[in-house]
Amino acid sequence: GCDGARYRSWLVARQEDEDCALADFRGRRAVANSVDSHSGYNALRYLIAPLAQAGRFFSSTLLSGSHRQSLADLRAGKADIAAIDCLSWALLRRHAPHELAPLAIVGETPLCPAPPLIASAQTDAQTLATLRRVLTQFAEEKAARDSFISGFTVPERAAYNEIKRWEEQAAAHGVTCL
């Protein structure tokens, strides 16, 4: 699901809904990890916005606190669809495949910039250079590879304007929340 420093979320539902398109989830229940999550909330809002009617698409949205809990809520029938970042899905597929067994990927979001690692604005240049060097070294270690980390990059801050545009485009369709 990743391409360089860009990633996406999978739209996940129970297996009985694996042949459904996103539009088929109108009036059903969504689950998201939190309202401040791009991968679990903003990306899903962006996708449903053109399909919404009077600013609404889902009948309700449950906030779970984590992608893993969102998947548990899907399995338990508390919700019908969730957006789960592709790395969380891959890690669970590797380490807890039984949690994914009754679920299916029914769609995907567009690629977007990967979450940034943020240092304090007061971080001096030498410390920042050290942090970048250590992260680059870490990416070469087995623990990083086992977590699907293949490297780090220093994107321009403007790259993250894309995420803000998704929020603005959803709002232009009248969708300010899931």
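Strands β2 (residues 9–14) and β5 (residues 81–85) pair in the antiparallel sense, over four bridges. Within this pair, W10 has I84 of β5 as its bridge partner. The model is predicted.

**The sheet**

Both strands belong to an open sheet of five strands. The order is β4-β3-β5-β2-β6, and the pairing is mixed. At the edges sit β4 (60–63) and β6, each of which pairs on one side only. From one strand to the next, the twist averages 30°.

Which strand runs parallel to β3? Strand β4 does, and four bridges join the two. One bridge partnership here is that of A30 with T61 in β4. Together, β3, α1 and β4 make a β-α-β unit, and this unit is right-handed.

**Helices on the sheet**

Helices α1 and α3 pack on the sheet, as set out below.

| Helix | Strands touched | Angle to the direction of β5 |
|---|---|---|
| α1 (residues 38–48) | β2, β3 (29–32), β4, β5 and β6 | about 120° |
| α3 (86–95) | β2, β5 and β6 | about 85° |

**Nonpolar cores**

The largest nonpolar core has 20 residues. Seven names stand out for touching the most other members: L11, F25, L44, I48, F58, I81 and L178. Two or more residues come from each of β2, β3, α1 and β5. Helix α1 gives the most to this core, with four residues.

What does L44 touch, not counting residues up to four places away in sequence? The list is L11, A30, F58, A83 and L178. Of these, A30 is also the bridge partner of T61. L11, F58 and L178 are again among the core residues that touch the most other members.

Another core lies apart from the largest one. This other core has 19 residues, among them V12, L71, A79 and C112.

**Around E99**

E99 sits in a loop. That loop lies between α3 (86–95) and β6 (103–108). Is E99 buried or exposed? E99 counts as buried because its relative accessibility is 10%, and the cut-off for buried is under 20%.

The side chain of E99 has a polar partner: a contact of 2.5 Å joins it to the side chain of R68. Leaving out residues up to four places away in sequence, E99 touches R68, R75 and L92. R68 therefore appears in both descriptions of E99, as a polar contact within the 3.5 Å limit and as a residue that E99 touches.

Definitions and conventions
Residues are numbered from 1 along each chain as its sequence is written. This is a predicted model: local features need pLDDT of at least 70, side-chain atom pairs count only at pLDDT 80 or more; totals for chains, interfaces and linings use all residues. Side-chain values use heavy atoms; hydrogens and water are left out. Buried means under 20% relative accessible area, exposed over 50%, partly exposed in between (1.4 Å probe, protein chains only). A polar contact is a pair of N or O atoms within 3.5 Å; within protein, one must be able to donate a hydrogen and the other to accept it, and residues adjacent in sequence count only if both atoms are side-chain atoms. Contact means heavy atoms within 4.5 Å. Two strands pair if DSSP finds at least two bridges between them. Axes are lines fitted to C-alpha atoms, for helices over the stretch in contact, and angles run from 0 to 180 degrees between N-to-C directions. A crossover is right-handed if, with the strands pointing away from the viewer, the path from the first strand over the helix to the second runs clockwise. A nonpolar core is a set of buried Ala, Val, Leu, Ile, Met, Phe, Trp, Tyr and Cys residues joined through side-chain atoms within 4.5 Å.
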